[in-house]
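Here are some exercises to work through with the model open beside you. Try each task before you read its solution.

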Amino acid sequence: MRILIAEDDQVLADGLLRSLRSAGYAADHVASGSEADAALAHHQFDLLILDLGLPKLHGLDVLRRLRGRGDSTPVLILTAADGIEQRVQGLDLGADDYMAKPFSLQELEARVRALTRRGLGSASTVIRHGPLSFDSVGRVAYMNDQMIELSARELSLLEVLLQRTGRLVSKDQLVERLCEWGEEVSNNAIEVYIHRLRKKIEQGPVRIATVRGLGYCLEKIVDRVA
């Protein structure tokens with residue numbers, strides 16, 4: 001899951017980056033409204049955390065432009081404690097939730113989980129595919145109710161595939177979803193992650209199918225009766 005943080009307070013931004021990255025998200029940061037607008041126009045994110053008091057372009061204008069492009073990316077607004085009018089404006093412009101500063105990082109992480117689930121059209125914190133399941137809160141995967149030991153990158157890769165079960169996900173899409181700006185990850189590295197994940201989850205009727213030149217797809221193996 002990839003998150004964009006638009007916040008001009010560097011101390012707060014650093015705290016958000018550490019918190020979200022430790023929770024397994026790929027998080028990027030911009031410090032101005034114009035940078036946020038450009039990033040959102042050229043990259044796909046699963047969530048935008050948006051401070052309203054941004055320089056160069058106000059947060060409400062960033063939100064207005066985002067929705068004007070028909071982009072439904074979930075948006076969590078950060079506002080000053082007394083910014084009721086701006087919170088109302090933000091919600092009317094299409095924001096999905098807001099938090100008043102100062103706030104608890106634990107609560108923010110919970111709201112992030114809720115908004116990313118909502119963006120995928122799911123209310124459950126657990127994604128299932130046959131005997132395979134992934135708990136997005138505990139960041140733990142299970143096969144037949146037995147926990148699977150996965151690295152942070154493997155967990156993120158599995159989450160992306162589970163969220164798109166039955167659909168092809170290209171290598172470029174995986175890089176876009178799993179990697180932050182400046183992180184050097186090649187298509188060959190994606191193949192290595194896929195190989196490692198396969199060895200750990202293909203213990204039953206679940207497999208990661210490869211469509212050469214197109215991408216990967218998580219599917220269930222159907223027994224064929226002769």
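**Exercise 1. In which strand does Leu 78 lie? Then describe its surroundings.**

Step 1. Leu 78 belongs to strand S4, residues 75-80; strands (E, at least two residues) and helices (H or I, at least four) are DSSP runs numbered from the N terminus. Before going on, note that this is a predicted model, in which local features need pLDDT of at least 70, side-chain atom pairs count only at pLDDT 80 or more, and totals for chains, interfaces and linings use all residues. Residues are numbered from 1 along each chain as its sequence is written, and side-chain values use heavy atoms, with hydrogens and water left out.

Step 2. Leu 78 has 0% relative accessibility and therefore counts as buried (buried is under 20% relative accessible area, exposed over 50%, partly exposed in between, with a 1.4 Å probe and protein chains only).

Step 3. Leaving aside neighbours within four places in sequence, the contacts of Leu 78 include Leu 16, Ile 49, Leu 52, Met 99 and Phe 103, where contact means heavy atoms within 4.5 Å. Leu 78 and Phe 103 are 25 residues apart in sequence, yet their C-alpha atoms are 9.3 Å apart in space.

**Exercise 2. Work out the order of the 5 strands in the open sheet with parallel pairing.**

Step 1. The order is S2-S1-S3-S4-S5; two strands pair if DSSP finds at least two bridges between them.

Step 2. At the edges are S2 (26-30) and S5 (97-101), each pairing on one side only.

Step 3. Inspect one pair: S1 (residues 2-6) and S3 (residues 47-51) are joined in the parallel sense over 4 bridges, and Ala 6 stands opposite Leu 50 in S3.

Step 4. Add a helix: H1 (residues 10-22) packs on this sheet and touches S1, S2, S3, S4 and S5. Its direction makes about 170 degrees with that of S2 (axes are lines fitted to C-alpha atoms, for helices over the stretch in contact, and angles run from 0 to 180 degrees between N-to-C directions).

**Exercise 3. Find the edges of the antiparallel open sheet of 4 strands.**

Step 1. The strands follow the order S6-S7-S8-S9.

Step 2. S6 (126-129) and S9 (146-148) each have a single partner strand, so one side of each is left without a neighbour in the sheet.

Step 3. S8 (residues 140-143) is joined to S9 by 3 bridges, and Met 143 faces Gln 146 of S9.

Step 4. Helix H6 (residues 152-163) packs on this sheet, touching S6, S7 (132-135) and S8.

**Exercise 4. How do the axes of H6 and H8 cross?**

Step 1. The axes of H6 and H8 (residues 187-201) come within 10 Å and cross at roughly 80 degrees.

Step 2. The two helices are therefore roughly perpendicular (65 to 115 degrees; under 35 is roughly parallel, over 145 roughly antiparallel, the rest oblique).

Step 3. Among the contact residues are Leu 157 and Leu 161 of H6, and Ile 194 and Leu 197 of H8.

**Exercise 5. Which residues have the most contacts inside the largest nonpolar core?**

Step 1. They are Leu 132, Leu 161, Leu 174 and Ile 201, in a core of 28 residues (a set of buried Ala, Val, Leu, Ile, Met, Phe, Trp, Tyr and Cys residues joined through side-chain atoms within 4.5 Å).

Step 2. A second, separate core has 19 residues, including Ala 36 and Val 62.
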